[in-house]
Amino acid sequence: TGYLASRTGDPTSAEPLLRSAAAGARALGLDDLEVDTLNSYAYVVGYQRARHDEATLVGDLALATLERQGASHSLRAATVHMTLATVEHARGDSKAALGRMARALTIREEILGPEHPEVALVCSNKANIHLSLGDTAAAEALLLRALGIHERNLGPHHPDLASVLNNLANVHDTRDDQPGAEALYRRALAI
């Protein structure tokens with residue numbers, strides 16, 4: 001219920017539920033559940049509640065649990081790195097955010113392959129960090145990669161494609177390329 005509360009915009013209710021669930025999972029030795037719960041908790045306190053230092057400690061605890069399991073190079077680890085990248089970006093440390101997102105991308109590429117839709121998600125998230133730094137070239141390259149992955153794997157009308165198109169339109173908008181941005185926004189809306 002803590003995860004659901006966090007995703008429905010109720011971080012105040014989510015926080016104690018997730019904290020309790022993580023402690024319970026730890027007490028029972030349920031490492032995977034503990035990591036997943038700690039990751040959700042880090043998102044709630046770091047991104048939704050802006051307690052970045054606490055979120056980083058919680059995320060690092062999740063990564064230490066994965067290290068203890070021998071799973072520091074797993075999809076769960078990639079997910080924790082993505083969450084911590086989101087927290088670092090919210091904190092204003094885009095360099096740290098890019099490092100975490102790069103780690104998540106490397107792990108997902110190695111495990112899932114370079115053409116998996118989950119790789120495209122990381123590319124899109126990393127592109128948004130680059131865009132916030134004004135690096136439109138890096139953002140565009142990552143978004144074009146994500147777009148290609150989604151088109152090849154999900155088809156031309158999948159909702160995930162619309163999200164990438166919207167982000168790519170934002171790149172064009174940042175460059176003051178209004179016709180390019182408008183065409184991409186229209187394509188995204190058509191999906």
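Student: What makes the contact between the side chains of E34 and R26 a salt bridge?

Tutor: Start with the distance. In this predicted model, the N to O separation between R26 and E34 is 2.8 Å. The cut-off is 4 Å, from a nitrogen of Lys or Arg to a carboxyl oxygen of Asp or Glu. The pair therefore meets the rule.

Student: Is E34 called buried or exposed, and why?

Tutor: Buried. Its relative accessibility is 2%, and buried means under 20%.

Student: And why is R26 called partly exposed?

Tutor: R26 has a relative accessible area of 42%. Partly exposed covers what falls between 20% and 50%, so R26 fits that class.

Student: How many salt bridges are there by this rule?

Tutor: The count comes to 17. Some are linked: E15, R19, R49, R51 and E54 form a network of salt bridges.

Student: What makes R145 and E109 a pair that ties together separate parts of the sequence?

Tutor: First, the bridge itself: their side chains meet at 2.7 Å, N to O. Next, the positions: R145 sits in helix 8 and E109 in helix 6 (residues 94–112), so the bridge joins parts 36 residues apart in sequence. Both partners count as partly exposed, R145 at 26% and E109 at 25%.

Student: How do you know that R187 and E151 form a salt bridge?

Tutor: Their N to O distance is 2.5 Å, and the limit is 4 Å. R187 belongs to helix 10 (residues 178–190) and E151 to helix 8, so this pair also ties together parts 36 residues apart.

Student: Which pattern does the protein follow along its sequence?

Tutor: The pattern reads α-α-α-α-α-α-α-α-α-α. That goes with 10 helices and zero strands.

Student: Why is the protein called as compact as a globular protein of its length?

Tutor: Compare two values. The radius of gyration is 18 Å, and the globule rule gives 16 Å for 191 residues; these are close, so the protein is as compact as a globular protein of that length. The C-alpha trace spans about 55 × 35 × 30 Å along its principal axes.

Student: Why is H130 called buried?

Tutor: Its relative accessibility is 13%. The limit for buried is under 20%, so H130 qualifies. H130 lies in helix 7 (residues 117–132). Beyond its sequence neighbours within four places, H130 is in contact with L98, D135, A138, A139 and L142.

Student: What makes up the nonpolar core, and which residues have the most contacts inside it?

Tutor: The largest core has 50 residues, with L66 and V80 having the most contacts inside it. Leaving out residues up to four places away, V80 touches V35, N39, G59, A62, L63 and L66. In soluble globular proteins, nonpolar side chains tend to be buried together.

Student: Which residues form a nonpolar patch on the surface?

Tutor: L28, L30 and L33, with about 300 Å² of accessible area together. Take L30. A patch residue needs over 30% relative accessible area, and L30 has 39%, so L30 passes that test and counts as partly exposed. L30 is placed in the loop between helix 2 (11–28) and helix 3 (31–48).

Student: How do you know that E140 touches residues far along the chain?

Tutor: Setting aside neighbours within four places, E140 is in contact with L168, V171, H172 and R175. E140 itself lies in helix 8 (residues 136–154). Its C-alpha atom is 8.9 Å from that of N167, 27 residues apart along the chain.

Definitions and conventions:
Residues numbered from 1 in each chain as written. Predicted model: local features only at pLDDT ≥ 70, side-chain atom pairs only at ≥ 80, totals over all residues. Heavy atoms only, no water. Patch = residues over 30% accessible without salt bridge, like charges linked within 9 Å, V, L, I, M, F, W, Y side chains within 5 Å. Areas by Shrake-Rupley, 256 points an atom, 1.4 Å probe, with all protein chains shown as cover. Helix = DSSP H or I, 4+ residues; strand = E, 2+ residues; numbered from the N terminus. Buried < 20%, exposed > 50% of the residue type's maximum accessible area, 1.4 Å probe, protein only. Core = buried A, V, L, I, M, F, W, Y, C linked by side-chain atoms within 4.5 Å. Contact = heavy atoms within 4.5 Å. Rg over C-alpha atoms; globule rule 2.2 N^0.38 Å.
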